[in-house]
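Subject: Structure handover and findings

Dear colleague,

Please find below the sequence and the structure that I am handing over to you. My findings follow directly after them.

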Amino acid sequence: MQSVKIKSALISVYYKDRLEPLVELLKQHNVTIYSTGGTQAFLEEQGAEVVAVEDLTAYPSIFGGRVKTLHPKVFGGILHRRANESDLAERAQYEIPPIDLVVVDLYPFEETVASGAAEADVIEKIDIGGISLIRAAAKNFQDVLIVSSREQYDEVVELLKAKDGATELADRKRFAAKAFDISSNYDTHIFNYLSKEQDINVFKQSVREATPLRYGENPHQQGTFYGKLEDLFEQLNGKQLSYNNLVDVDAAVALGAEFEEPTVAILKHTNACGCATGETIKEAYLNALSTDPVSAFGGVIIANRTIDMGAAEELNKLFFEVLIAPDFDADALELLRTKKNRILLKQKPVELPTKQFKTLLNGVIEQDKDLKTETEADFKTATKREPSAEEKKALVFAAKVCKHTKSNTIVLATDKMMISSGVGQTSRVDALRQAIEKAKSFGFDISNTVMASDAFFPFPDCVEIADQAGIKAVVQPGGSIKDQDSIDYCDAHNMAMVMTGVRHFKH
């Protein structure tokens, strides 16, 4: 059957808002409406005549509402095949009325979990009747239209208006696909909730919110963001975020979360090209910018304090793609908005996922996020000389930036700012030389800096080069079979080295 005139409908929804136009349309077409409980009361308030499901099934709602619609007269009315003579005969034999439209939504399971509710309350939000009705109606899309979310009400009203209360097979199939999207998403979230403490080694993710991007990493690649950016950011200005913007913003948010004092970080291609703390955001920004003003051009900037006018005046002198901050003073925002394409994001205090994954080969790899950040308490001095108090602060700062930089990496820093870095090199020696040359090219004296490495030194060459450049304190994970060679060199040249026991590869 291609075209089906809707003559009967089952409506049973948790959310009643936005339902009125659909109810009014069904009334106009004299559709027989079946319903339950609170939905029935709502429909009757709208002036609709309603047949109670209890009257159809001759069974009351039982077990505190857990069983209402699970009955052959309901599911038979949905699932029988209108073109199948045997099904029609059985429907007549058991006096089962046909149901052409099912309007059902699901209990708010995700919202209940997000609220921090007790497990007993969460379990009660696992829908049984609703999910069963959705699957039944979607399975029989040859004959039945399923409306499985209030987000679909406007669309179905327009559809029924345009086709005088009827639907075509293509319409029903499209709504069936949407229904299985909703049901699979629902089941995935239930599984992930119940399996948190279980050893069930499977990968399941479901994200329904999709934002098409202008393109992917390059113009010849398509790109889509799946997720709710509005939960994390309020965009105050600028064009739509691109694929590359989002990748850099993700890296910026991760690095920015490491610091409590007023801090600004400037990132390019996910690596910090500047990062500094200060008494004010203006001071922190100017110090971060001084590290590498060339790379800062077109970068992504994050601040962990409100952007005031003083900071905005300095920021406004630079072309950058994105600025992230917890807030903006009104006059600062007005100034920064003078560049219409400049993206300004107000960051909201949202707890981010602790797992990360990506596609790889013909599958997916998943891991815990790198949430370990070393403090002075994690340092184990491996050399005869203990680093000074000032050096320890600088080592902590350098290690934080190093953790968020592409391997192989070396970071040179003071206790308040990153001086330079060597990133993404195939050799740690190359990374160090790159960092030294870069610092010198921007006029920095590195004799008062410390060095951080994301992984151990397999040979003493890096500490030798650092010593010759005037660097006298080093932090590294340790763990090489030749650690002692680096330690011996440091001892012979009055250098301090601390080990953390934690490697921070980032590929």
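**Two points in the backbone**

F63 lies in the loop between α3 (53-57) and α4. Please bear in mind throughout that this is a predicted model. The phi angle of F63 is near 55°, which is a positive value in a residue other than glycine. A second point concerns the peptide bond between S407 and N408, which is cis, with omega at about -15°. N408 belongs to the loop that runs between α17 (389-403) and β19 (410-413).

**Overall form and domains**

The protein contains 20 helices and 23 strands. Its division is into domain 1 (4-195), domain 2 (229-347) and domain 3 (376-499). Taken over C-alpha atoms, the centres of domain 1 and domain 3 are separated by 64 Å. The C-alpha trace spans about 100 × 55 × 40 Å along the principal axes of the protein. The radius of gyration is 31 Å, whereas a compact globule of 507 residues would have a value near 23 Å.

**The five-strand sheet**

One open sheet consists of five strands in the order β4-β3-β2-β5-β6, and its pairing is parallel. At the edges stand β4 (50-52) and β6 (145-147); each has a single partner strand, so one side of each is left without a neighbour in the sheet. From one strand to the next, the twist averages 20°. Within this sheet, strand β2 (residues 8-12) and strand β5 (residues 101-104) run parallel and are joined by four bridges. As an example of the register, I11 stands opposite V103 in β5.

**Two helix pairs**

Two packed helices are described by the angle between their axes and the distance between the axes. Both quantities are given for each pair below.

Helix α4 (residues 72-79) packs with helix α8 (residues 129-139) at an angle of about 30°, and their axes are 8 Å apart. Angles under 35 degrees count as roughly parallel, and α4 and α8 are therefore roughly parallel to each other. On the α4 side the contact is made by V74, F75, I78 and L79, and on the α8 side by S132, L133, A136, A137 and K139. Of the residues in this contact of α4 with α8, seven are nonpolar, one is polar and one is charged.

For helix α9 (residues 153-162) and helix α10 (residues 169-194), the axes come within 12 Å and cross at roughly 170°. That crossing angle makes α9 roughly antiparallel to α10. E155, V156 and L159 of α9 meet D171, R174, F175 and K178 of α10 in this contact. The residues of the contact of α9 with α10 comprise three nonpolar and four charged ones, with no polar residue.

**The six-strand sheet and its helix**

A further open sheet is formed by six strands, ordered β10-β15-β14-β13-β11-β12, with mixed pairing. Its edge strands are β10 (233-237) and β12 (271-277), each of which pairs on one side only. If direction is ignored, neighbouring strands of this sheet are turned by 20° against each other on average.

Strand β11 (residues 263-268) pairs with β12 in the antiparallel sense, over six bridges. T263 has T277 in β12 as its bridge partner.

Which strands of the sheet does helix α12 touch? Helix α12 (residues 243-256) packs on the sheet and touches β10, β11, β12, β13 (300-303), β14 (322-325) and β15 (343-347). The direction of α12 makes about 30° with that of β13.

**Points to carry forward**

For orientation, the two local backbone features are the positive phi of F63 and the cis peptide bond that joins S407 and N408. As regards the sheets, the pairing is parallel in β4-β3-β2-β5-β6 and mixed in β10-β15-β14-β13-β11-β12.

With kind regards

How values were computed: Residues numbered from 1 in each chain as written. Predicted model: local features only at pLDDT ≥ 70, side-chain atom pairs only at ≥ 80, totals over all residues. Heavy atoms only, no water. Axes fitted to C-alpha atoms, helices over the stretch in contact; angles between N-to-C directions. Parallel < 35°, antiparallel > 145°, perpendicular 65-115°, else oblique. Contact = heavy atoms within 4.5 Å. Nonpolar A, V, L, I, M, F, W, Y, C, P; charged D, E, K, R; others polar. Pairing = 2+ DSSP bridges. Domains from an automatic or database assignment. Rg over C-alpha atoms; globule rule 2.2 N^0.38 Å.
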